[in-house]
Amino acid sequence: MINVTKTFLPPQEEYNFILKYAWDTGWMTNRGVLVKELEHKIQNYLQSRPIIAMTNGTLPLQIAIKALGLTGEIITTPFSYVATTSSIVWEGCSPVFVDIDPKYLTIDETQIEASITKNTSAILATHVYGNPCNVEAIDRIAKTYNLKVIYDAAHCFGVQYKGKSIFDYGDVSTCSFHATKLFHTGEGGALFCGSKHYDTMFYHHNFGHSGKEDFKGVGINAKMSEPQAAMGLAVLPHLENIMAKRKSIIDHYNLGLSKSLNIKLLNIRPDTKWNYSYLPVIFDTPMLMSKVKLGLEKEGIYPRRYFYPSLNTLDYVNGQNCLISESIADKVLCLPLYHSLKLHEVKHIINVVKRYL
Ligand SMILES: *Cc1c(COP(=O)(O)O)cnc(C)c1O
């Protein structure tokens with residue numbers, strides 16, 4: 001069986017060696033040595049602004065919304081994972097959907113201004129598949145209308161835009177370290193922000209503690225634990241190698257599929273150093289997508305409809321029509337992509353796809 005993804009597991013002795021520290025010290029959580037070391041190593045590796053490691057990639061979104069004091073309407077993208085929208089609703093705000101740019105699949109920045117009302121407090125956009133939003137345009141709009149900007153950068157570990165970590169953009173950027181993501185800690189995630197917001201975000205992720213017996217505002221528990229950090233510390237040294245393997249797999253897919261006329265592959269925005277995180281293929285029609293999906297499944301290959309459904313169609317939102325996002329969600333499949341996928345398996349997948357094109 002070939003699944004859409006496969007979690008990279010480091011050699012178990014490498015994980016055990018790091019985890020032994022937690023046993024030796026008897027320290028399992030509350031920002032121990034391993035969490036601090038992971039934060040330090042990630043910030044160093046990415047050359048990014050400060051990071052707060054968290055227990056998953058959804059809580060940083062909720063904490064950002066809460067701690068920035070957002071209320072009313074938040075302008076957001078319909079083409080993302082459900083956590084982008086559910087976090088807005090969970091925090092008592094209303095998502096206002098702006099359709100996506102058909103070329104880059106990120107929020108269409110040219111349509112944002114028309115959706116701003118006196119109740120708009122922020123823009124929450126996703127760098128989907130690790131492809132950056134038009135961050136300059138979004139920044140300009142946010143400044144003009146005095147809005148906050150949060151980027152859901154769950155897919156973006158290692159991505160740079162214009163020579164800077166993509167996590168350096170927006171008031172806050174978040175990432176997911178879920179086992180299905182490029183870099184992972186089993187479950188895990190992070191929030192990145194500048195010094196202006198750092199303390200507030202930090203207090204919020206640890207019950208509001210500003211000292212042992214002091215509190216600043218309401219908080220929640222989003223702390224990463226030591227075993228999670230140990231996994232991250234064991235995976236991080238392998239990341240360059242993982243990305244190189246994925247690049248070579250994607251090069252093969254591109255070579256095999258780019259001449260096919262009834263599909264489109266991902267366009268990466270110029271000035272981006274991408275991280276080879278996903279392999280979305282957009283078919284010309286939903287029917288063609290279904291045929292290819294069934295054909296692959298018959299061969300024991302399991303692609304994923306990622307992202308489906310378009311989030312403006314969720315039954316708990318008052319979703320505006322987003323024709324492009326809805327149409328792409330109906331036609332997109334992510335093909336298998338992971339470090340240990342063999343090139344002969346990639347060839348086989350390409351051949352099965354081509355059989356239906
Ligand atoms: C994975 C993902 C999340 C949620 O991250 P978790 O770590 O699973 O909580 C949020 N947004 C997007 C776009 C994602 O792909």
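**Exercise 1. The ligand site**

Work out how far a nitrogen atom of the ligand sits from an N or O atom in the side chain of Asp152, then look at what else surrounds the ligand.

*Solution.* Keep in mind that you're working with a predicted model.

- Step 1: Start at Asp152. An N or O atom in its side chain is 2.7 Å from a nitrogen atom of the ligand. A polar contact takes a pair of N or O atoms within 3.5 Å, so this pair falls inside the cut-off.
- Step 2: Go on to Ser176. Here an N or O atom of the side chain is 2.7 Å from an oxygen atom of the ligand.
- Step 3: Check Gly57, where the backbone does the work: one of its N or O atoms lies 2.7 Å from a ligand oxygen.
- Step 4: Zoom out. The ligand is surrounded by 15 residues. Thr58, Asp152, His155, Ser176 and Lys181 are the closest of them.

**Exercise 2. Two domains, one interface**

Find where the domains begin and end, then describe what lies between domain 1 and domain 2.

*Solution.*

- Step 1: Set the bounds. The domain assignment puts residues 2-237 in domain 1 and residues 238-356 in domain 2. Taken over C-alpha atoms, their centres are 24 Å apart.
- Step 2: Count who touches whom. On one side there are 53 residues of domain 1, in contact with 52 residues of domain 2.
- Step 3: Get the area. About 4500 Å² is buried between domain 1 and domain 2, and carbon and sulfur atoms give 62% of that. In domain 1, the residues that lose the most area to domain 2 are Ile2, Tyr129 and Leu182, together making up 20% of what that side buries.
- Step 4: Look for charge pairs and polar pairs. Between domain 1 and domain 2 you'll find zero salt bridges, but 26 residue pairs in polar contact, counting pairs with both residues at pLDDT 80 or more.
- Step 5: See which elements of domain 1 take part. At least two residues each come from strand 1 (2-3), helix 4 (82-90), strand 4 (94-97), strand 7 (160-161) and helix 7 (226-235). Helix 4 gives the most, with four residues.
- Step 6: Sort that side of domain 1 by residue type. You get 33 nonpolar, 14 polar and six charged residues.

**Exercise 3. A salt bridge in helix 1**

How many salt bridges does the structure hold, and why are Lys20 and Asp24 separated by about one helical turn?

*Solution.*

- Step 1: Take the total: the structure holds ten salt bridges.
- Step 2: Pick one of them. The Lys20 and Asp24 side chains meet in a salt bridge, at 2.9 Å from N to O.
- Step 3: Place the pair. Lys20 and Asp24 are about one helical turn apart because they are four residues from each other in helix 1 (residues 12-25).

**Exercise 4. Backbone oddities**

Track down the cis peptide bonds at Phe307 and Pro309, then check phi of Asn146.

*Solution.*

- Step 1: Look from Tyr306 to Phe307: that peptide bond is cis, with omega near 15°.
- Step 2: Move along to Tyr308 and Pro309, which are joined by a cis peptide bond with omega of about -5°.
- Step 3: Locate them. Phe307 lies in the loop between strand 14 (301-302) and helix 10 (323-329), and Pro309 lies in the loop between strand 14 and helix 10 too.
- Step 4: Turn to Asn146, in the loop between helix 5 (135-145) and strand 6 (148-152). Its phi is near 55°, a positive value in a residue that isn't glycine.

Note on methods. Residues are numbered from 1 along each chain as its sequence is written. This is a predicted model: local features need pLDDT of at least 70, side-chain atom pairs count only at pLDDT 80 or more; totals for chains, interfaces and linings use all residues. Side-chain values use heavy atoms; hydrogens and water are left out. Domain bounds come from an automatic or database domain assignment. Contact means heavy atoms within 4.5 Å. Buried area is the accessible area (1.4 Å probe) that two parts lose on being put together, summed over both. A salt bridge is a side-chain nitrogen of Lys or Arg within 4 Å of a carboxyl oxygen of Asp or Glu. A polar contact is a pair of N or O atoms within 3.5 Å; within protein, one must be able to donate a hydrogen and the other to accept it, and residues adjacent in sequence count only if both atoms are side-chain atoms. Ala, Val, Leu, Ile, Met, Phe, Trp, Tyr, Cys and Pro count as nonpolar, Asp, Glu, Lys and Arg as charged, and the others, Gly among them, as polar. A residue is near a molecule or strand if one of its heavy atoms lies within 4 Å of it.
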